[in-house]
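Got your viewer open? Let's take a short walk through this one, selecting as we go.

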Amino acid sequence: MSSSDENEQSRLRRRSFLIGSGAAVATSVFGAVPARATSPGAFPADYDGSDLWLRYEQVADPGLLARYRAALGAIVVENAGRTKVHRHTANLSMAPGSREHLVESTLEAARDELVRGLGGLLGRPVPVQGGFPDRAVIVGTPDSSPLVRMLVPARDLAPLGDDGYLVRALSRGGHRSIVIAGNTDLAALYGTFAFLRRLQAQQPLTDLKLSSVPRINHRYLNYWETERLYAGNNPAGTGGLDGENGAIFDFTATGASAALNLPVILDRYLVAARAMASVGINGITINNVNANSFYVTPAAIEQEAALADALRPYGIKLAVSINYAAPTDARFAPDTLTREELDPYSAKFRDWWTRRARQLQAAIPDFLGFTVKANSEGQPGPQDLGYDHGDGANGMAAAVAPLGMRIFWRTFVYNAEVDADRLKRAYLEFGPIDEERQPDSTIGRFAKNVFLQTKNGPLDYQAREPANPLFGRMEHTNQAIELQITQEYTGQNTMLCYLGPLWEEVLKSDTYATDAHGKLLDKRLVGHVVDGTAQGHPDSAIVGVANFGNADNLTGHHFAQANLYAFGRLAWDWTLDARGIAEDWVRLTWSNRDFVVRTIVAMMMGSREALVSYQTPLGVAHQFRSSDHYGPNPAERLARDDWSPVYYNKADTAGLGYDRSPTGSGFTAQYFPVLAARYADIDTVPENLLMWFHHVPWDRRLRSGRIFWDELVYRYQTGVHYVSWLRRAWDSLERHVDARRFAEVKAKLAAHEADAGTWRDTCVGYWQQFSGRAIPTDGPLSIKIVVGGRAIGGFDAGAASSTVPLAAGTPARITKVIPSDPSVRCEVLSQADGVPGRAVVRVTGMSFFGPILKDYVFEFTR
Ligand code: GCW
């Protein structure tokens, strides 16, 4: 069982949501906005976003507030302080002036969240009580709570496992209660957050009956911002704000912040911990995979232990990324090895890592293990000594196995000597190890405590990729999927890009995996491979490269919080859908007003496809400038071929795209037969992956009926037009959203629109050098204007303005606008005063991914 009730709930909710949504989108697209000003219950005007989705604003609807108040009169968490979690750090303490506080047990965390949450939502304190009061919210496990034992039959708890929870409204002995229960304290905490979420989203309490079990065991974050800052409060990228570097955890800050380095605990660590727990994340690797060995030195371990202490009540365990060659690092002298001693089979090598792991475990008893990026992008690894990834991973795994730890070994490798096509390289290296017959005649060499950690796609976190062919192909090995939450290639903290649809797409994509006899597996979506049900793996893991930073709102862009939230929800249950998750997040983070919810959800849902359109449409990959992976540079040619945009676009006068069909690089053959055949043929490959697999002739006819060149240009334009719509949609919320966040998002959207335009212009301009074709002018938002009785058209929908020469005597008045698509709406926003003069026409329509808008600016001249 898994999440069935929760799914059912969200399905019901969604149905009613969808019925209204078309109309609402149209309303906001076409300008009519409810005129009501902000009413009670709105956030304070200066709210900075620092509570993430854990906002507990008083319920605005008086009827609902009264019902909540009537039903929720007390909080009962029996024996909350009895099972204290381990603490290593004597005098663990918060920074002076903190708002958050440390707790000693997981049930205290649950209790305090209820105190905070119910107090806020109900607008008055809800007392913590003993005994069995009427109208109580009761939280616990059969172990901690006699009430839970009495109220919840053991058989109902049995299927919940360690992390699953149930939430029920009960009536017993004249008492009405809400019971939140699980088999462990942590499960009870998860249930507490799920319960609060329902109140935040203003769901009724009648017949409350939820239960949910995560589909994946290890739901981890990897934290990279120690090296690159996409979420930190450091837009200049220069490193250092008051001595901090923009990352969330301070280890080595200098200047004013030095006194606040770990072991001091900052508010934001606990907000992050509560947020992670609220969606069920249960581990975090705290440093970049291009690992600095500092994080395994004794000084750092003491700091990490303090962090682990603070996070432990919330069920968040720590891991670190390591450098395979750390034993040669002078910082460990005299306990160092020579380069030759990095032999993964040698006792010296293994013992060295066992010693490190023991040190970590002594300070952090529940330490998870190591994340390893080896022989990838210049990082050292077993291949430096002639061994392969299996040897290296197993050597490390053997070193930590006695301590119950795991190795998360990344498959992000692409050594140029393996194959000319970068995408083929990982499978060529890892596949054979998975298939190797062992001396005991079992298949597969990777050790049991190794997880291979594989990015969702075969390249590198592009906004659209096919699923990585390793999913389904590594049936003898534990495999974790790695998703990128921090938006390295998806607009960083400038662009609004909701990644839920991207992850839903990959988790629900069909691998067409077959069994040993070539028969299609029943459960064969990527999500089934990851959760272990496809191929019978008892252990399972999902990893998100997270976007926490030290910005006030923790993620830089207010909407980037949604990506963290969505990752957590999908990590718990990958079958949830991105739209439902977005709706939940909006209700928790912004507002429960239907108009606001519908508008923001619409803004989010098209945002990723829009970004694909203005950055890398129709399957062209990786056109980013190398300096920051934010802006475009399709012409860039670097020393490393496979880092160069030109390597991916292969632009020439014949066409555009990378031929990976059997007559090209042959990458398609790494997929199971159904997909291999589909991708191999330019007639059957999904159009959104066209250039991923084929070199597409400029004049090839696409499904729209347009030739490839025209369609390509329109995709770029349409993506930008969506962002133009985003700005207008956001503006329509001005009176419904608190002022500071409104202004901050508005400013980001302005930059977003400008930068999306740069993508369009740079890429289209570059492709045009090869296509030699004119910019088409008959696209989705194309119009003719009638001036002086004459229809004038042929405008470039990507241009900032168009010059329109008028004959002498022609009045500069647009008398009619004729769209090429009759379903779009046109509006003359302003007429010219004379000639020269400027007129503006707004055209709004619908693309396949959402509303689009273009303001045509006409400069009339004689
Ligand atoms: O996307 C690339 C990033 C590198 C990163 C690498 C990886 C941490 O540009 O910064 O290294 O992926 O995943 O290892």
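Start at the ligand: how far does a polar side-chain atom of Asn290 lie from an oxygen atom of the ligand? Select the pair and you'll find 3.3 Å between them. Keep in mind that this is a predicted model, so distances here are computed from the prediction.

Next, add Arg410, where a side-chain N or O atom sits 2.7 Å from a ligand oxygen. Then pick Lys455: for its side chain, the N or O to ligand oxygen distance is 2.6 Å. Now show the surface around the ligand, because the protein covers 96% of the 340 Å² of accessible area that the ligand has on its own.

Widen the selection to the whole shell, which holds 14 residues. The closest include Lys373, Asp460 and Glu488. Color the shell by residue class and you get seven charged, four nonpolar and three polar residues.

Now jump to helix α11, residues 425–435. Eight of its 11 residues are buried, so the rest of the structure largely encloses this helix. Highlight Arg425, Ala426, Tyr427, Glu429, Phe430, Gly431, Ile433 and Asp434 to see the buried ones. What do they pack against? Turn on α10 (389–400), β10 (406–410), β11 (450–455) and α18 (645–649), and you have their packing partners.

Last stop: select residues 555–777, which an unreviewed UniProt entry lists as "domain: Glycosyl hydrolase family 67 C-terminal". In cartoon view, this stretch is 54% helix and 2% strand. Draw a line between its end C-alpha atoms and it should read 39 Å.

How values were computed:
Residues numbered from 1 in each chain as written. Predicted model: local features only at pLDDT ≥ 70, side-chain atom pairs only at ≥ 80, totals over all residues. Heavy atoms only, no water. Buried < 20%, exposed > 50% of the residue type's maximum accessible area, 1.4 Å probe, protein only. Helix = DSSP H or I, 4+ residues; strand = E, 2+ residues; numbered from the N terminus. Contact = heavy atoms within 4.5 Å. UniProt positions renumbered as here; feature names shortened; annotations may be inferred. Near = heavy atom within 4 Å. Polar contact = N/O pair within 3.5 Å; in protein donor to acceptor, adjacent residues only side chain to side chain. Areas by Shrake-Rupley, 256 points an atom, 1.4 Å probe, with all protein chains shown as cover. Nonpolar A, V, L, I, M, F, W, Y, C, P; charged D, E, K, R; others polar.
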